[in-house]
Amino acid sequence: MIVAILYNIRSLHNVGSIFRTADAAGVEKIYLCGITPTPQDKYGFYRSQITKVALGAEKYIPWEYQKSTTYLIKKLKKEGFKIYAIEQSKKSIPYDKLKIKNRQQKIALIVGNEIKGVSPSILKMADKIIEIPMYGKKESLNVAVAFGIVVFELLKIIKKQHRQKPKKKIK
């Protein structure tokens, strides 16, 4: 089970893109935290900038607004989730080197603000900090693109590390 935590994302287009990618990857829920815009405004109307990119995923992927990311992480940890933050840091590991202990592990994947990323206080709460190595002149990717790369790699890692062995044929 994978859930996404969007921490202080500013762009409605990025939120919409993450909803669409989350749907494609089978993410079970999206938590929108801090200043991250929700698919619906305070009057219940869908935001056109999100719906334009999400293409309907915002209507059927469960989501919840949570003002405090700290509170949410503590709650998810109590529920057995491992918290993985996508961020460049001295403590980060390449995203494709992550080890997942069991196929049923509950995972919460955090992506952060387009300018400031994930705050140091939130990074301290993460079980692992994972990064996408950069080989060009730019130091980072768009948050929605980074989310897509990492969430699909997580699915691949889970499948590869926990491949079921074939049953023996009975003669």
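Two strands pair if DSSP finds at least two bridges between them. Strands (E, at least two residues) and helices (H or I, at least four) are DSSP runs, numbered from the N terminus. The model is predicted: local features need pLDDT of at least 70, side-chain atom pairs count only at pLDDT 80 or more, and totals for chains, interfaces and linings use all residues. Residues are numbered from 1 along each chain as its sequence is written, and side-chain values use heavy atoms, with hydrogens and water left out.

**Exercise 1. The sheet**

Work out the strand order of the sheet and find its edges.

Solution.
- Step 1. Seven strands form an open sheet. Their order is β3-β2-β1-β6-β4-β7-β5, and the pairing is parallel.
- Step 2. Look at the ends. β3 and β5 (93-94) are the edge strands, each with a single partner strand, so one side of each has no neighbour in the sheet.
- Step 3. Check β2 against its partners. With strand β1 (residues 2-7), β2 pairs in the parallel sense over five bridges. With strand β3 (residues 63-66), β2 pairs in the parallel sense over four bridges.
- Step 4. Name the bridge partners. Tyr7 has Cys33 of β2 as its partner. Ile30 has Trp63 of β3.
- Step 5. Move to β4. Strand β7 (residues 128-131) pairs with β4 in the parallel sense, over three bridges. Ile86 stands opposite Ile130 in β7.

**Exercise 2. Strand β2**

Decide how enclosed β2 is, and place β2 in a β-α-β unit.

Solution.
- Step 1. Set the cut-offs: buried means under 20% relative accessible area, exposed over 50%, partly exposed in between (1.4 Å probe, protein chains only).
- Step 2. Apply them. Four of the five residues of β2 (residues 29-33) are buried, so the strand is largely enclosed by the rest of the structure.
- Step 3. Trace the chain. β1, helix α1 (residues 12-25) and β2 make a right-handed β-α-β unit. Right-handed means that, with the strands pointing away from the viewer, the path from the first strand over the helix to the second runs clockwise.

**Exercise 3. The whole chain**

Describe the fold pattern and the overall dimensions of the protein.

Solution.
- Step 1. Count elements: six helices and seven strands.
- Step 2. Read along the sequence: β-α-β-α-α-β-α-β-β-β-α-β-α.
- Step 3. Test compactness. The radius of gyration is 17 Å, close to the 16 Å that the globule rule gives for 171 residues, so the protein is as compact as a globular protein of that length. The radius is taken over C-alpha atoms, and the rule is 2.2 Å times the number of residues to the power 0.38.
- Step 4. Add the extents. The C-alpha trace spans about 65 × 40 × 35 Å along its principal axes.
- Step 5. Add burial. Of the 171 residues, 44% are buried.

**Exercise 4. The cores**

Identify the largest nonpolar core and the element that gives the most to it.

Solution.
- Step 1. Define the set. A nonpolar core is a set of buried Ala, Val, Leu, Ile, Met, Phe, Trp, Tyr and Cys residues joined through side-chain atoms within 4.5 Å.
- Step 2. Take the largest core. It has 35 residues, and Leu6, Leu109 and Phe147 have the most contacts inside it.
- Step 3. List the suppliers. β1, α1, β2, α2 (48-54), β4 (81-86), β6 (106-111) and α6 (143-161) each give at least two residues of this core. α6 gives the most, with nine.
- Step 4. Note the second, separate core. It has 19 residues, including Val3, Ala108, Ile110 and Val118.
- Step 5. Inspect Phe147. Contact means heavy atoms within 4.5 Å. Leaving aside neighbours within four places in sequence, Phe147 touches Ala4, Ile18, Thr21, Ala22, Val27, Ile86, Leu109 and Val111.

**Exercise 5. Positive phi**

Compare the settings of Asn8 and Leu55.

Solution.
- Step 1. Recall the background: most residues other than glycine have a negative phi.
- Step 2. Take Asn8. Its phi is positive, about 55°, although Asn8 is not a glycine. Asn8 is in the loop between β1 and α1. At 18% relative accessibility, Asn8 counts as buried.
- Step 3. Take Leu55. Its phi is near 50°, also positive. Leu55 is in the loop between α2 and α3 (57-60). Its relative accessible area is 55%, so Leu55 is exposed.
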